[in-house]
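Got the viewer open? Let's walk through this one stop at a time, selecting as we go.

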Amino acid sequence: YLNFCPSHYLGFAEEPRLKTAAQNAIERYGIGTGYRTLSGTHALHVELEKEIARFKGTEAAVCFSSAYAANASAVQTILDKDDIVISDQLNHASIIDAVRVAGVRNKFAYAHSDMSDLESKLVVASELQKRTKPNGEQPLILIITDGVFSMDGDLARLPQIVELAKKYDALTMVDDAHGEGVLGKGGRGLVNHFGLEGEVDIEIGSLSKAFSVMGGFIAAKQPLIDCYLMQARQRLFSIALTIPDTAALLEAVTMLGESEHLVQKLWGNVDYLRKGFTDLGFDIGHSETPIIPVMLGDEDLAKAFSAKLFEHGVFASPICFPMVPKGTARVRVIVSASFSKEDCDSGLAAFKKVSEALQEGK
């Protein structure tokens, strides 16, 4: 079967160098360590965080056992109930949960990528900010956005968000789970893609998508990372990344630093498949990334389409309510650098056959 919807953008899940790095680390160091704050911080953990910061172009970074935990830590550690959050309406569930866990009462959702609506929310937030908190401090305003929106594949309007944040004295946080290893020079992410290094306060990255292992990280300036190191509960009271995971991740970061070949191959496949789907008459929405939503609308049609694809040897998941609004169901294709031209052609051929078969069956 052809997996036509992996999140392994660069094909690292089967990369020999990552396998060897993990195996060698097990032989040398074993498997697990423990809690980072007790005896579980290994030299590999420290090295990985330094290399991620170097790769991202930030002062420092801290790793977590998942990007979900990184999002929770990023928000909960620095905000309390009297601070203010303004979040894109289509942000990932982990961001929504992070704000809930933080207990923030003043929270706003702006219409997806609507900068006028974001500014209207910032106007309200700036008035709320004038009221000091019980401890005498001024409330923080934090704007949070996904970097790449995973259902539609579109990008956050980050330059405009940063501009508005400066205007209204707000902090910015980008969850770049689907941008790491994909966008920017050599896969350095959305902030690099827009040339905004040093202008976004908090960058969240996933280590399980393009990097194909597990974990997540926060990249930011050193004082903020120091705060997370000492106060983030998801780090203090959770287990460290395993030795093989950490070693494999280090190898992945090393490979991306050595060459842009895989990122370029990924985008070559993206361009080829976008054209292929468009030429076949499929609606692929407004995707700007390797996430290609083949829009079908009807929930039952999307499920039937996915099932028929599987009969033709292609696995591509249906995305239906509640993951997306009713009436916007789709089969989501996620492109990988591991796809050969033959893989791309096989996938397109299967979509064509299934579409024709379902049309005939009406």
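Start by selecting strand E7, residues 202-206. This is a predicted model, and in it 5 of the 5 residues of E7 are buried. Show the side chains and look at which way they go: Ile202, Ile204 and Ser206 point to one side of E7, while Glu203 and Gly205 point to the other. Both sets are buried.

Now bring in the strands that pair with E7. Strand E6 runs parallel to E7, and 3 bridges join the two. To see how they line up, click Asp175, which stands opposite Ile204 of E7. Then add strand E8, residues 216-220, which runs antiparallel to E7 and is joined to E7 by 4 bridges. Here Ile204 turns up again, standing opposite Ile218 of E8. What holds such strands together? Strands of a sheet pair through backbone hydrogen bonds.

Next, select helix H7, residues 158-167. Which of its residues are buried? Colour Leu158, Ile161, Val162, Leu164 and Ala165, and you have them. Turn the model until you look down the axis of H7: the buried residues fall within an arc of 165°, so they line one face of the helix. The face turned away from that buried side carries Glu163, Lys166 and Lys167, which are exposed.

What do the buried residues of H7 pack against? Light up strands E4 (106-110), E5 (141-146) and E6 (171-175), along with helices H6 (115-128) and H8 (190-193). E6 is a strand you have already met, as the parallel partner of E7. Before you leave, click Asp169, which follows H7 and has a positive phi, near 55°.

On to another sheet. Select E9, E12 and E11, in that order: they make an open sheet of 3 strands with antiparallel pairing. Strand E9 (291-297) and strand E11 (318-319) stand at the edges with a single partner strand each, so one side of each has no neighbour in the sheet. E9 pairs with strand E12 (residues 329-334) over 6 bridges; for one spot to click, Gly297 has Ala329 in E12 as its bridge partner. Now add helix H12, residues 261-279, which packs on this sheet and touches E9 and E12. The direction of H12 makes about 20° with that of E9.

Last stop: charged side chains. Side chains of opposite charge can pair when their charged atoms come close. The count for this model comes to 21 salt bridges, and a few are worth a click.

- Arg36 and Glu49: their closest N and O atoms are 3.0 Å apart. Arg36 sits in helix H2 (residues 36-40) and Glu49 in helix H3 (residues 43-56), so the pair ties together parts 13 residues apart in sequence. Both Arg36 and Glu49 are buried.
- Arg54 and Glu51: this salt bridge is 3.1 Å from N to O. Being 3 residues apart in helix H3, the two are separated by about one helical turn. Arg54 is exposed, at 59% relative accessibility, whereas Glu51 is partly exposed, at 24%.
- Lys130 and Glu127: the closest N and O atoms here are 2.9 Å apart. Lys130 is exposed at 60% relative accessibility, and Glu127 is partly exposed at 46%.

To finish, select Asp80, Asp83, Lys133 and Glu137 together: salt bridges that share partners join these four into one network.

Conventions. Residues numbered from 1 in each chain as written. Predicted model: local features only at pLDDT ≥ 70, side-chain atom pairs only at ≥ 80, totals over all residues. Heavy atoms only, no water. Salt bridge = Lys/Arg side-chain N within 4 Å of Asp/Glu carboxyl O. Buried < 20%, exposed > 50% of the residue type's maximum accessible area, 1.4 Å probe, protein only. Pairing = 2+ DSSP bridges. Contact = heavy atoms within 4.5 Å. Axes fitted to C-alpha atoms, helices over the stretch in contact; angles between N-to-C directions. Arc of directions from axis to C-beta.
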